[in-house]
Amino acid sequence: MHEFGIAEELAALVDRTLSENQGAKVLKVVVEAGAGAIEEVSLRVAFEEASRGSPIDGAELVIEIAPREYHCFDCGTVFPEPEGRNAACPVCGGANTISAPNHDVVLKSVEIEG
Ligand SMILES: [Zn+2]
């Protein structure tokens, strides 16, 4: 399960953002994850493990799922997941498109007490 690695990295990142606010308690951590990048439940469990005993312990983890991206083979455009099933390219109208994996997990914001 790679969620544990991700969670440890996130916890370390949050910890670094706290360096100017030593001793502050973290209330909320917001991350954005690519669709399909993570198992949400696993990340929550892993994050709890990774933050245990740290100022992040008990913080609310908000996971925002980024929309899946599509890639057009005809013109190279990358576009967000279209509505409906017909993933035609919005630029050239081509149907030669494929859903591009987005495996990024990005720390968006950290809310601290006080
Ligand atoms: Zn296209």
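The legends below describe close-up views of a predicted model, beginning with the whole chain and moving on to its sheets and helix α1. Residues are numbered from 1 along each chain as its sequence is written. Because the model is predicted, local features need pLDDT of at least 70 and side-chain atom pairs count only at pLDDT 80 or more, while totals for chains, interfaces and linings use all residues.

**View 1. The whole protein, with 2 helices and 6 strands.** Helices (H or I, at least four residues) and strands (E, at least two) are DSSP runs numbered from the N terminus, and in that direction the elements follow the order α-β-α-β-β-β-β-β. The C-alpha atoms occupy a box of roughly 55 × 30 × 20 Å along the principal axes. The radius of gyration is 18 Å, whereas a compact globule of 114 residues would have one near 13 Å; the radius is taken over C-alpha atoms, and the globule rule is 2.2 Å times the number of residues to the power 0.38. Buried residues account for 21% of the 114 residues, where a residue is buried if 20 or more other C-beta atoms lie within 10 Å of its own, exposed if 12 or fewer, and partly exposed in between, with C-beta atoms placed from the backbone.

**View 2. The open sheet with strand order β2-β1-β6 and mixed pairing.** The edges are formed by β2 (60-66) and β6 (105-112), each of which has a single partner strand, so one side of each is left without a neighbour in the sheet. From one strand to the next the twist averages 20 degrees; angles run from 0 to 180 degrees between N-to-C directions, with axes fitted to C-alpha atoms, for helices over the stretch in contact. Strand β1 (residues 26-34) runs parallel to β2, and 7 bridges join the two; strands count as paired if DSSP finds at least two bridges between them. One position to look for is V31, whose bridge partner in β2 is I63.

**View 3. Helix α1 (residues 3-17) lying across β1 and β6.** The helix runs at about 40 degrees to β6. Its 15 residues reach 21 Å from the first C-alpha to the last, close to the 21 Å expected at 1.5 Å a residue, the expected span being 1.5 Å times one less than the number of residues. The buried residues of α1 are E3, I6, A7, L10, A11 and V14. Seen down the helix axis, these buried residues fall within an arc of 135 degrees, so they line one face of α1; the arc is that of the directions from the axis to the C-beta atoms. Their cover includes β1, α2 (40-51) and β6, while the face of α1 turned away from the buried side carries the exposed residues G5, A12 and R16.

**View 4. The open sheet with strand order β4-β3-β5 and antiparallel pairing.** Here β4 (78-80) and β5 (97-100) stand at the edges with a single partner strand each, so one side of each is left without a neighbour in the sheet. The twist averages 35 degrees from one strand to the next. Strand β3 (residues 69-72) pairs with β5 over 4 bridges and with β4 over 3 bridges. Residue E69 can be followed to both partner strands, since it stands opposite A100 in β5 and has P80 as its bridge partner in β4.

**View 5. The hairpin formed by β3 and β4.** Between the two strands lie 5 residues, and G76 in the turn has a positive phi of about 85 degrees.

Terms used
Contact = placed C-beta atoms within 7 Å.
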